[in-house]
Amino acid sequence: MVDLVKMKSALTVAGLDPCGGAGIAADLKVFRSLNVHGMAVASSLTAQNTLAVAGVYGVDGAIFERQLTVLLDDIIPDALKTGVLCNAELVAILVGMINKYNLKNLVVDPVAVSSSGKEMLDVEAVAVIKRDLLPLTKVFTPNIFEAALFCGSTVETEADIMEVTKSLHAMGCAAVVITGGHLRHAAADTYYDGTNFIKIETPLYDGSYHGTGCVFSAAIAANLALGHNCPDAVKMAKKTVEAAIKGAYRIGKGMRVLRA
């Protein structure tokens, strides 16, 4: 058995997905699969299934802060990741906690819009993330549409991706990974750490899958907790997502769920 005293830990600050395919449920499965002790603080409750997100309800700020304070007074995670943060109040609380407890290895998955088109992050929250959270971030993992939102520009070409990646990095995060969406023959991500651009590709699999962004960002956080550097953590996470897609199964009427 693994000695829990020696086990690395990771915290997910994310939403609760009732169908278990994304958010906290997906993150905890990934942490466990990578032999990292998982912890969770709920930032939102959602009404969703494999077909669509019907509603997103941010947790009361006082309750959110209390969850974090009680946990962090006892355990400091080796890494943490964010999912849905909903509003500026929750982002500001999280920023305060990261500074207060000197938390390291933050992975930010902005989760601005769901696959079914549901908006999950308001305009004020985007501004606070850009101003206060990204400078504390180790790896920022927007998809191509979220990258455009945070930069206020369109992203349609490979040249656009390169420019937007530079713009996002300039907001203060150590590394940026823009995920997928720009090559039709492969699932290609663009990594940039201020010095190196790295293309990370895997085959593009047919079908739709629930929670790929969650699994990816959770795997990055787990790898950082285990002591891997940023590029290696991202490359390994990409392999984790590919394996999870290969093992995906259909539990509902909509998207397949990843076997994390």
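A residue is called buried here when its relative accessible area is under 20%, exposed when it is over 50%, and partly exposed in between, using a 1.4 Å probe and protein chains only. By that yardstick, buried residues make up 53% of the 260 residues in this protein.

A word on the model itself: it is predicted, so local features need pLDDT of at least 70 and side-chain atom pairs count only at pLDDT 80 or more, while totals for chains, interfaces and linings use all residues. Residues are numbered from 1 along each chain as its sequence is written, and side-chain values use heavy atoms, with hydrogens and water left out.

## Overall build

The protein has eight helices and eleven strands; these are DSSP runs numbered from the N terminus, with helices (H or I) of at least four residues and strands (E) of at least two. Its radius of gyration is 17 Å, close to the 18 Å from the globule rule for 260 residues, so the protein is as compact as a globular protein of that length. That radius is taken over C-alpha atoms, and the rule is 2.2 Å times the number of residues to the power 0.38. The C-alpha trace spans about 45 × 40 × 35 Å along its principal axes.

Taking a contact as heavy atoms within 4.5 Å, residues 24 or more positions apart account for 67% of the contacts with a separation of 6 or more.

## Salt bridges

A salt bridge is a side-chain nitrogen of Lys or Arg within 4 Å of a carboxyl oxygen of Asp or Glu. The count by this rule is six, and the table shows three pairs, including their closest N and O distances.

| Pair | Closest N and O atoms |
|---|---|
| Arginine 131 and aspartate 132 | 2.8 Å |
| Glutamate 163 and lysine 166 | 4.0 Å |
| Lysine 238 and aspartate 189 | 3.0 Å |

Where does the pair of lysine 238 and aspartate 189 sit in the fold? Lysine 238 lies in helix H8 (residues 230-246) and aspartate 189 in strand S8 (residues 186-192), so this salt bridge ties together parts that are 49 residues apart in sequence. Both lysine 238 and aspartate 189 are buried.

Glutamate 163 and lysine 166 share helix H6 (residues 158-170), three residues apart, about one turn of the helix. Glutamate 163 is partly exposed at 47% relative accessible area, and lysine 166 is also partly exposed, at 38%.

In the remaining pair of the table, arginine 131 is exposed, with 56% relative accessibility, whereas aspartate 132 is partly exposed at 27%.
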